[in-house]
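Me: I am new to this structure and should like to understand the terms used to describe it. Please show it, and then explain how each term is justified.

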Amino acid sequence: MARRIHTLAGYIHEYQRSVLNPDDFWSQIAETFHWRKRWDKVLEWEFETPSVKWFLNGKLNITDNIFERFLYTKGDKPAIIWEPNDPEEPHKVISYKELYKQTCQFANALKAQGIQKGDRIIIYMPMVPEAAVAMLACARIGAVHSVVFAGFSANSLSDRINDCSAKMVLTSDGNFRGAKTIPIKDVVDEALESTSSVEKVIVYERTKTPVNMVPGRDIWWHDAIDGISTENTAETMDSEDMLFILYTSGSTGKPKGIVHTTGGYMVYTYYTFKNVFQYRDEDIYWCTADIGWITGHSYIVYGPMLNGATTLMFEGVPTHPHPGRFWEIVDKFKVNQFYTAPTAIRALEAFGNEPLQPYKLDSLKVLGTVGEPINEEAWHWYHDHVGKGRCPIVDTWWQTETGGILISPLAGITPTKPAYATLPLPGVQPIIVDNDGNELKGNSVEGNLCIKFPWPGMLRTTYGDHERCRQTYFSQYKGLYFTGDGVKRDEDGYYRILGRVDDVINVSGHRMGTAEVENAINEHPKVIESAVVGYPHPIKGQGIYAYAICDLSDRSEENLKKEIRLTVSKIIGPIAKPDKIQIVPGLPKTRSGKIMRRILRKIAVGEVDNFGDISTLLDPDVVEKIIEGKDTAS
Ligand code: WTA
């Protein structure tokens, strides 16, 4: 198989090659694909503006490279195995040939509804195969998809629709989540009240939840494809044409639309999937992420499918109808590679080993984690009880912005260490800097993680606001891409990610900006001001701790806290609800009005002595009062 690394020596060799001659290295991988016109130049870049282009003037379509490339050899191979929320409902197996037909047909249906190359389409759907079909159909005709996690609120959805002036929304009547059915079409209806760009909504029937179909705007999925041809010639795209936008939270303001383009993203997700998971042709691979996150894009849909892999999609939640559901699915389909998040591992570990007992789990070869730092305890439990000590764990570090995995072991090849993402993949050049931007050379150092050379899967811009991209990622340290993560490089040169060093909180692997949550809390009319920090949480990794100055004249503290949580849920979504709220008389601010979060973070974890220098505080007494009220946080 092309470009697969087999040994540690092979990895070291490929790594060196990728640094010494990146053009040769990446063009050899890109040659595996079908290009309608070959690129003129492999890479052009500078990190000032920034401007990064890969495979310049290459022409291709990413879905040609999933379907047409494999139809003769892999047409009958399962592309998607779909397991529904309810274990009593039959699962589905969809071959590459069948997925191809569905994709072509839906691509034609999109065109019939007036969609053209370059139009933006929002996908707000459950974890059903049609969600993957929707993404691939967009890619097929050159429409730009932006998947929004179906747990986000109407307000979050309309913000995203407006930011990219989406012309269409793809959704479903409802979403089965464990014992609940969430009427997501209603959320779309509400979101569309404050948007004007959307012309059509296509609704996939999943839950038979009653919905209100707006004449002229809304159309059922089954009606949209009725009588539509299953043959379609893919649009020719430039390497640097936009493939998708995915919104993610940062340290300031509203989420930004991370832009990924076609050629580089294709090459990068293909290469990293193959090598990190060491996928073999007959393997069944399962990533438990939702397609609303980057992990779902790169490692449920594009990466696996570009390798002709069988990718399992699960509609439900880990604990429904019982906490052994994941393991039941592993046995049912003889899953070989299993990729999940530390928060899921910790949540399942909390049920003890009993839920694992009925299952053999002997098909498993590789275990993966992503989304947040994994603690050693959870790592060992995963390794010993799920992998039975037989399966290497790939702790994969990467971001929405990076498009694919940057630092990770190669399964079975790189010796692992609990809680370490280990070594950079070929083509990835990390650098650690101190707060002044000085490089920390050698081993046994700790600092801010940056990347000094482009890789094909990296973001190109933030949609509609290139300056924001420069500001956020390329201005902190000159000439470097700044990740926002702290990192340690140990005595062996192994990388351990320490978590965010900016104002981003990672709750159950979901990124949330503190400012974003504060803005939502402040929407409550009785909240005067608030400050949000993260604190260690045994299952979620980090929890949200909110300090709020409130007017309590006409309601109880308990009721107000309930209302604040509802407000946040409505404005962002249930994932952003604060775990703890403390009503405070004031916030620690500097004379220039900046909230000293450092102090609030300490109070949240109960470290109430040594605050360091607080001489710049406007009102040092307020700190005492917050400490006194700490036990009222709930
Ligand atoms: C964190 C998810 C430690 C990190 C693919 C990063 C991790 C943020 C790991 C990106 C890991 C992701 N170990 N931390 N293996 N993987 N992170 O954009 O803080 O949802 O910056 O992308 O998650 O989150 P995002």
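**Cavities, ligand and rings**

Reply: The second largest cavity has a volume of about 30 Å³. The model in which it is found is a predicted one.

Me: What makes Asn-61 and Thr-262 lining residues of the second largest cavity?

Reply: A lining residue has an atom within 4 Å of a cavity point. Asn-61 and Thr-262 belong to this lining, as do Ile-62, Ala-139, Gly-142, Met-237, Met-242 and Leu-243. By class, the lining holds five nonpolar and three polar residues, with no charged ones.

Me: How many cavities of 30 Å³ or more are counted, and what lines the largest cavity?

Reply: The count is two cavities. The largest cavity holds about 40 Å³ of space. Its lining is made up of Pro-50, Ser-51, Val-52, Met-458, Leu-459, Arg-460, Cys-469 and Phe-474. Strand E2 (51–56) and helix H14 (466–474) are the elements that give two or more residues to this lining. Six of the lining residues are nonpolar, one is polar and one is charged.

Me: Why is the approach of Gln-399 to the ligand called a polar contact?

Reply: The term requires a pair of N or O atoms within 3.5 Å. An N or O atom in the side chain of Gln-399 is 2.9 Å from an oxygen atom of the ligand, so the pair meets the cut-off. The side chain of Arg-511 also qualifies, with an N or O atom 2.7 Å from a ligand oxygen. For Gly-371 a backbone N or O atom takes part, at 3.1 Å from an oxygen atom of the ligand.

Me: How much of the ligand is buried by the protein, and which residues surround the ligand most closely?

Reply: The protein buries 97% of the 520 Å² that the ligand exposes when taken alone. The ligand is surrounded by 17 residues, the closest being Asp-395, Thr-400, Asp-485, Arg-500 and Arg-511. This shell divides into six nonpolar, six polar and five charged residues. Helix H10 (294–306), strand E20 (393–396) and strand E25 (495–500) each supply at least two of the shell residues.

Me: Why is the pair formed by Tyr-299 and Tyr-339 called edge-to-face?

Reply: Two rings pair if their centres lie within 6.5 Å, and planes over 60 degrees apart count as edge-to-face. The ring centres of Tyr-299 and Tyr-339 are 6.3 Å apart and their planes stand at 75 degrees, so the pair is edge-to-face. The pair links distant parts of the chain, with Tyr-299 in helix H10 and Tyr-339 in strand E18 (residues 337–340), 40 residues apart. The search of the whole structure finds 45 aromatic pairs.

Notes. Residues numbered from 1 in each chain as written. Predicted model: local features only at pLDDT ≥ 70, side-chain atom pairs only at ≥ 80, totals over all residues. Heavy atoms only, no water. Near = heavy atom within 4 Å. Polar contact = N/O pair within 3.5 Å; in protein donor to acceptor, adjacent residues only side chain to side chain. Areas by Shrake-Rupley, 256 points an atom, 1.4 Å probe, with all protein chains shown as cover. Helix = DSSP H or I, 4+ residues; strand = E, 2+ residues; numbered from the N terminus. Nonpolar A, V, L, I, M, F, W, Y, C, P; charged D, E, K, R; others polar. 1 Å grid on protein atoms, 1.4 Å probe; cavity = no way out; pocket = protein on both sides within 12 Å on 5 of 7 lines; lining within 4 Å. Points joined across faces, edges and corners; volume = space filled by probe spheres on them. Phe/Tyr/Trp six-rings, centres within 6.5 Å; stacked < 30°, edge-to-face > 60°.
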